[in-house]
Amino acid sequence: MEGPRKALPSTEELRIWRDFIETTEALRSELAARLQSESALSPGDYAVLLALCEAEGRRLRPSVLASRIGWQRSRLSHHLRRMERRGLVRRAECAADSRGAEVMPTAEGAEAFERASLPHLRAVRELFVSPLTRDQLAAAEQLATTLRTGLESSRGA
């Protein structure tokens, strides 16, 4: 008879889980600190500007932007207001639908993103890519893909 205890992670599985989460958080924290100190952009600013700079015409509706960066619309709305006050993004009437708006980087926002990108990418290489072998990078990709697929399945996506 299998009880509820069988469904719980083992001590070793919990150790691996904690190590994975703690290491991921340490990487994110270090990358965020470097990004902030080198460019005055937060990871959220960078994610928004990256999505906008990669978008066709460098503009997106807020709902599409929220989906691309994995944020709730309310979180994005608050963040965009802060970025607008700092002159990094602006809203414009949607070319395809005058009832809606699109978000785009300002010249200052695009410049800030460009200045931040090289140091940020160097930090990603230093902290994530360089310490791993090609096989470990491939395993990390497989792990991320498997976990993302599981999350999407559990959400019914």
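Which glutamate forms a salt bridge with arginine 34, the closest N and O atoms being 2.8 Å apart? The partner is glutamate 126. Please keep in mind, as you read these notes, that the model is predicted.

1. **The long-range pair.** Let me start with that salt bridge. Arginine 34 sits in helix 1 and glutamate 126 in helix 5, so their contact ties together parts that are 92 residues apart in sequence. Glutamate 126 is partly exposed, at a relative accessible area of 45%.

2. **A second partner for arginine 34.** Glutamate 30 also forms a salt bridge with arginine 34, and here the closest N and O atoms are 2.7 Å apart. This pair is local: both residues belong to helix 1, and being four residues apart puts about one helical turn between them. Glutamate 30 is partly exposed, with 34% relative accessible area.

3. **Arginine 86 and aspartate 45.** Another salt bridge worth a look joins arginine 86 to aspartate 45, with 2.9 Å between the closest N and O atoms. Arginine 86 is in the loop between helix 4 and strand 1, while aspartate 45 is in helix 2, so this pair ties together parts that are 41 residues apart in sequence. The two partners differ in cover: arginine 86 is partly exposed at 38% relative accessible area, whereas aspartate 45 is buried at 1%.

4. **The network and the count.** Glu30, Arg34 and Glu126 are joined into one network by salt bridges that share partners. For the whole structure, the count comes to eight salt bridges.

5. **Helix 2 and its cover.** Helix 2 runs over residues 43-54 and has 12 residues. From its first C-alpha to its last it reaches 16 Å, close to the 16 Å expected at 1.5 Å a residue. Its buried residues are Gly44, Asp45, Tyr46, Val48, Leu49, Ala51, Leu52 and Cys53. What covers them includes helix 1, helix 3, helix 4 (73-85) and helix 5 (107-129), along with strand 1 (89-93) and strand 2 (101-105). Asp45, the salt-bridge partner of arginine 86, is thus one of the buried residues of this helix.

6. **Cysteines without a bond.** If you are wondering about disulfides, the structure holds zero of them. The cysteine sulfur closest to that of cysteine 53 is in cysteine 94, but at 18 Å it is too far for a bond. Cysteine 94 is likewise in no disulfide, its nearest cysteine sulfur being that of cysteine 53. Cysteine 53 is buried, with a relative accessible area of 15%, and cysteine 94 is buried too, at 5%.

7. **A nonpolar patch on the surface.** Leu14, Trp17, Phe20, Ile21, Leu143 and Leu147 form a nonpolar patch on the surface, with about 540 Å² of accessible area together. Helix 1 (11-39) and helix 6 (134-155) each supply at least two of the patch residues. Helix 1 gives the most, with four residues. Leucine 14, one of the patch members, is found in helix 1 and counts as partly exposed at 38% relative accessibility.

8. **Two residues with an unusual sign of phi.** Most residues other than glycine have a negative phi. Alanine 40 is not a glycine, yet its phi is positive, at about 65°. Alanine 40 is found in the loop between helix 1 and helix 2 and is partly exposed, with a relative accessible area of 46%. Arginine 58 is also not a glycine and has a positive phi, of about 55°. Its place is the loop between helix 2 and helix 3 (62-69), and at 33% relative accessibility arginine 58 counts as partly exposed.

9. **Helix 6 and what follows.** Does the length of helix 6 agree or disagree with what its 22 residues should span? At 1.5 Å a residue they should span 32 Å, and the end C-alpha atoms are 32 Å apart, so the two agree. Just after helix 6 comes glycine 156, which takes a positive phi of about 80°.

Definitions and conventions
Residues numbered from 1 in each chain as written. Predicted model: local features only at pLDDT ≥ 70, side-chain atom pairs only at ≥ 80, totals over all residues. Heavy atoms only, no water. Patch = residues over 30% accessible without salt bridge, like charges linked within 9 Å, V, L, I, M, F, W, Y side chains within 5 Å. Areas by Shrake-Rupley, 256 points an atom, 1.4 Å probe, with all protein chains shown as cover. Salt bridge = Lys/Arg side-chain N within 4 Å of Asp/Glu carboxyl O. Buried < 20%, exposed > 50% of the residue type's maximum accessible area, 1.4 Å probe, protein only. Disulfide = S-S within 2.5 Å. Expected span 1.5 Å × (residues − 1). Contact = heavy atoms within 4.5 Å.
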